[in-house]
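Trainee: Please pick one part of this model and take me through it closely. Start from the whole chain, then zoom in, and point out any unusual backbone on the way.

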Amino acid sequence: MSRVEKAIRIDQHGGPELMRLVDVELGEPGPGEVRIRHMACGLNYIDIYQRSGVYPMPMPLTLGMEGAGVIEAVGEGVGHLAVGDRAAYASQPPGAYCTARVMPARAVVRLPDEITFETGAAMMLKGLTVQYLLRRTLPQGGLNAGDFVLFHAAAGGVGLIACQWAKALGLQLIATAGSDEKCQLALDAGAAHAINYRREDFAARVREITGGRGVKVAYDSVGKDTFEGSLNSLAPFGLLASFGNASGKVPPFDTGALAARGSLYLTRPTLFTHLATRESAQEMADELFAVVLAGQVKIHVERRYPLAEVAQAHRDLEARTTVGSGVLLV
Ligand SMILES: NC(=O)c1ccc[n+]([C@@H]2O[C@H](COP(=O)([O-])OP(=O)(O)OC[C@H]3O[C@@H](n4cnc5c(N)ncnc54)[C@H](OP(=O)(O)O)[C@@H]3O)[C@@H](O)[C@H]2O)c1
């Protein structure tokens, strides 16, 4: 049986105005798949890269990588979900901006009853990202309580979760953000220090804060504008985790820059490598749910948009006017 649902589609890369609400036909889940009816969908910066063409994508494309809702049908071989389960995910392929979808079950997990659909949709992609960054993307010897880490865009969706989770781990997170108000939000969320990087040379301030030594790891999702400053903020043998490009892609660079600053390490990680197996996805989600249910990490759902108003949601995110997470209500 096929049914008609609503989805946000693009036919080519470009601006927010290209996103259209269309009817789509939905079928039954195949082996390893589920059909989920969304209650809310997450808004993420990756949606902007995929819409604009920073990440080239096959067309036509339904955007969106994160959602929460109720399982409506389960395909062959799916043992961890049942019809009627509350569920949430961050997952490839894109396709979350819709009322319901058929998708791989691998990264879909049961959502604890205490967590609302709205919070679920706001926390999976961003929270699982913080999980793999702070728990799995570590400098040589790991991180210990009291260590300094640098985290850019710390008042954003990923950033506010990182401030709280770092504090819970006993880390001294040095936040950067684009306004004094955003810096205050990062401090309120648990950052030990905050730097307005539109006004100040953040690498120089990091040296001051760390007594000249630098940080063990810099988590950099801003990309082009902060890459060099992030390298300049690291202690010898430090790690730069370059995990996003909100200001543009990092241009090709001379690996000698790593040697000159003291045998640095560089990685360009993506959440989806970590979510490649069902076991890993569940383990990461369990850890995320635990810190949320314990109240150590609160999810800041700051903006809600109807599905049909997704263009405004993208404009707001690109204009750097948002803090915390935003969701699309279905
Ligand atoms: N690799 C991965 O696995 C992975 C997974 C999830 C997210 N990410 C990355 O993590 C970052 C945060 O994602 P998010 O969804 O939570 O978004 P977000 O942080 O809520 O929004 C992006 C923020 O980036 C900052 N920014 C700096 N320069 C910018 C520019 N030129 N244009 C626009 N924004 C700029 C802005 O904060 P300020 O005003 O404070 O500078 C803006 O609010 C994104 O870069 C995303 O791609 C990567």
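Mentor: One term first. Two residues are in contact if their C-beta atoms, placed from the backbone, lie within 7 Å. Count such contacts between residues at least 6 apart in sequence, and 67% of them join residues at least 24 apart. Keep in mind that this is a predicted model.

Now the whole chain. The protein has ten helices and 16 strands. The C-alpha trace spans about 65 × 40 × 35 Å along its principal axes. The radius of gyration is 20 Å, which agrees with the value near 20 Å for a compact globule of 330 residues. Of those 330 residues, 49% count as buried. The unreviewed UniProt entry carries the annotation "domain: Enoyl reductase (ER)" over residues 14-328. Across residues 14-328 the chain is 31% helix and 26% strand, and the C-alpha atoms at the two ends lie 20 Å apart.

The part to look at is strand β13. Start with its sheet. Six strands make up an open sheet, ordered β11-β10-β9-β12-β13-β14, with parallel pairing. The edges are β11 (193-196) and β14 (265-267). Each edge strand has a single partner, so one of its sides has no neighbour in the sheet. Neighbouring strands here are turned by 15° against each other on average, direction ignored. Elsewhere in this sheet, helix α3 (residues 157-168) lies across β9 (148-151) and β10 (172-177). The angle between α3 and β10 is about 165°.

Where does β13 sit in that order? It stands between β12 and β14. On one side is β12 (residues 215-220), which runs parallel to β13 and is joined to it by five bridges. Val217 has Leu239 as its bridge partner in β13. The chain gets from one strand to the other by way of helix α6 (residues 227-232): β12, α6 and β13 make a right-handed β-α-β unit. On the other side, β13 (residues 234-242) pairs with β14 in the parallel sense over three bridges. There, Leu240 stands opposite Leu266 of β14.

Next, burial. Seven of the nine residues of β13 are buried, so the strand is largely enclosed by the rest of the structure. Phe237 lies in this strand. Buried takes 20 or more other C-beta atoms within 10 Å, and exposed takes 12 or fewer. Phe237 has 13 C-beta neighbours inside 10 Å, so it counts as partly exposed. Its backbone also deserves a look. Phe237 has a positive phi of about 65°, although it is not a glycine.

A second residue of this kind precedes β14. Ser263 is in the loop between α7 (256-260) and β14. Its phi is near 50°, again positive in a residue other than glycine. Ser263 has 11 other C-beta atoms within 10 Å, so it is exposed.

For reference, set β13 beside another strand, β16 (residues 325-329). Four of the five residues of β16 are buried, so that strand too is largely enclosed by the rest of the structure. Five bridges join β16 to β15 (residues 301-306), and these two run parallel. The crossover from β15 through helix α10 (residues 310-318) to β16 is right-handed. Pro306 stands opposite Leu329 in β16. With β3 (residues 33-42), by contrast, β16 pairs in the antiparallel sense over three bridges. In that pairing, Cys41 has Leu328 as its partner.

A further open sheet has three strands, in the order β2-β1-β4, and its pairing is antiparallel. Its edges are β2 (20-26) and β4 (61-62). Strand β1 (residues 3-10) meets β4 over two antiparallel bridges. Ile10 stands opposite Leu61 there.

Last, the cis peptide bonds. The bond from Met59 to Pro60 is cis, with omega near -10°. Pro60 is in the loop between α1 (45-52) and β4. The bond joining Gln92 and Pro93 is cis too, with omega about -10°. Pro93 is in the loop between β6 (86-90) and β7 (100-104).

Back to β13, then. It is a strand paired in parallel with β14 and with β12. It is largely enclosed, and within it Phe237 counts as partly exposed.

How values were computed:
Residues are numbered from 1 along each chain as its sequence is written. This is a predicted model: local features need pLDDT of at least 70, side-chain atom pairs count only at pLDDT 80 or more; totals for chains, interfaces and linings use all residues. Two strands pair if DSSP finds at least two bridges between them. A crossover is right-handed if, with the strands pointing away from the viewer, the path from the first strand over the helix to the second runs clockwise. The radius of gyration is taken over C-alpha atoms; the globule rule is 2.2 Å times the number of residues to the power 0.38. UniProt positions are given in the numbering used here, feature names are shortened, and annotations may be inferred rather than shown by experiment. Axes are lines fitted to C-alpha atoms, for helices over the stretch in contact, and angles run from 0 to 180 degrees between N-to-C directions.
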